[in-house]
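Work through the exercises below with the sequence and the coordinates at hand. Each task is followed by a worked solution.

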Amino acid sequence: MLLASTIELHDGLAARGLPGQGRLADIADSARYDAMHAHADVLVVGAGPAGLTAALTAARAGARVVVVDEQSEAGGSLLGSTDQIGDTGASDWVQEAVAELATFPEVRHLQRTTAFGHYDDSFVLALERRTDHLGNAAPARLSRQRVWRIRARHVLVATGAHERPIVFADNDQPGIMLAHSARTFLHRYGVLVGRAAVVFTTNDSAYAAAFDLADAGVQIEAVVDAREQVVRRAA
C-alpha cells in the first residue's frame, strides 16, 4: 500500500507538479562558494564549555588548534544558563575564553561551521556559512559558504548532551518544549515561554529550568518527577 501511494504521487508530480515541494530557481545562483584545507594537531568540534576548555589547554601547550562550532557564537549550553565556572559567570567566562584563543596565532576558530563528516585518518569535512546571515548586505568579495577539509592528529568531539523529550500523546503541540529550550529563550533571548508552566522530568536538570522560570515570574503549577526519589539538592 505504501509503494502504491508513492508511485501515485510520483505520477502526479510528473503530470501537474506536487504542491508544497517548491520549484527550481529560474536564474543561476550568483553567490560564490569555495573550499580550504587546514591542518591541526587538535581539532575541537563544539565550542561549549568542554570544547573551549580543551582548545585552551591545547593552545597553551603550543598545539595547532582548529575549533568549529555550528552556532553563531561560542558558549554551547552556557548560552542558555546562568551557571558559574569557578567564580566567573558563564557569559563572562565564554568571552574571556574566546578572547584568549584569539591571541594564539596557531588557533583557528570557526563559528557558524558544521562538521558533517569524520573519516579515516582523522579527516573531517566542515561547512562554514560565511555570509548567509548577512542577506543582501553580504560583501560580494566573500564566498557565501566554504567547505573546510581538515586533517588533524587528534579529533575531539565536544558537542554536548542532547536532551530527549518525554514521550506522551500530543507532545508535539504548541506550548510543549524541552526544559533547556525554555532556559535558552529566557537567558539568551530574554523571552518568557509562558505565564504558567508544568515541568515534567526524569532527572535533576529540569529543576534548574523550574527555578529560573519561577524567578522570572512564571507560575510553576507543578513539577512532575517520574522518579520515586529525588536527591535533596534538586528538591
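The exercises deal with salt bridges and then with exposure.

The model is predicted: local features need pLDDT of at least 70, side-chain atom pairs count only at pLDDT 80 or more, and totals for chains, interfaces and linings use all residues. Residues are numbered from 1 along each chain as its sequence is written, and side-chain values use heavy atoms, with hydrogens and water left out.

**Exercise 1.** Find how many salt bridges the whole structure has, and place the one between Arg153 and Asp41.

*Solution.*
1. A salt bridge is a side-chain nitrogen of Lys or Arg within 4 Å of a carboxyl oxygen of Asp or Glu.
2. The search of the whole structure gives 10 salt bridges.
3. In one of them, the closest N and O atoms of Arg153 and Asp41 are 3.3 Å apart.
4. Arg153 is in strand E8 and Asp41 in strand E1 (residues 33-45), 112 residues apart; strands are DSSP runs of at least two residues, helices (H or I) of at least four, numbered from the N terminus.

**Exercise 2.** Determine which residues are linked with Asp132 in a network of salt bridges, and classify the exposure of Arg144 and Asp132.

*Solution.*
1. The network links Asp132 with Asp29 and Arg144.
2. Between Arg144 and Asp132, the N to O distance is 2.6 Å.
3. Both residues are in the loop between E7 and E8, 12 residues apart.
4. Buried means under 20% relative accessible area, exposed over 50%, and partly exposed in between (1.4 Å probe, protein chains only).
5. Arg144, at 33%, is therefore partly exposed, and so is Asp132, at 29%.
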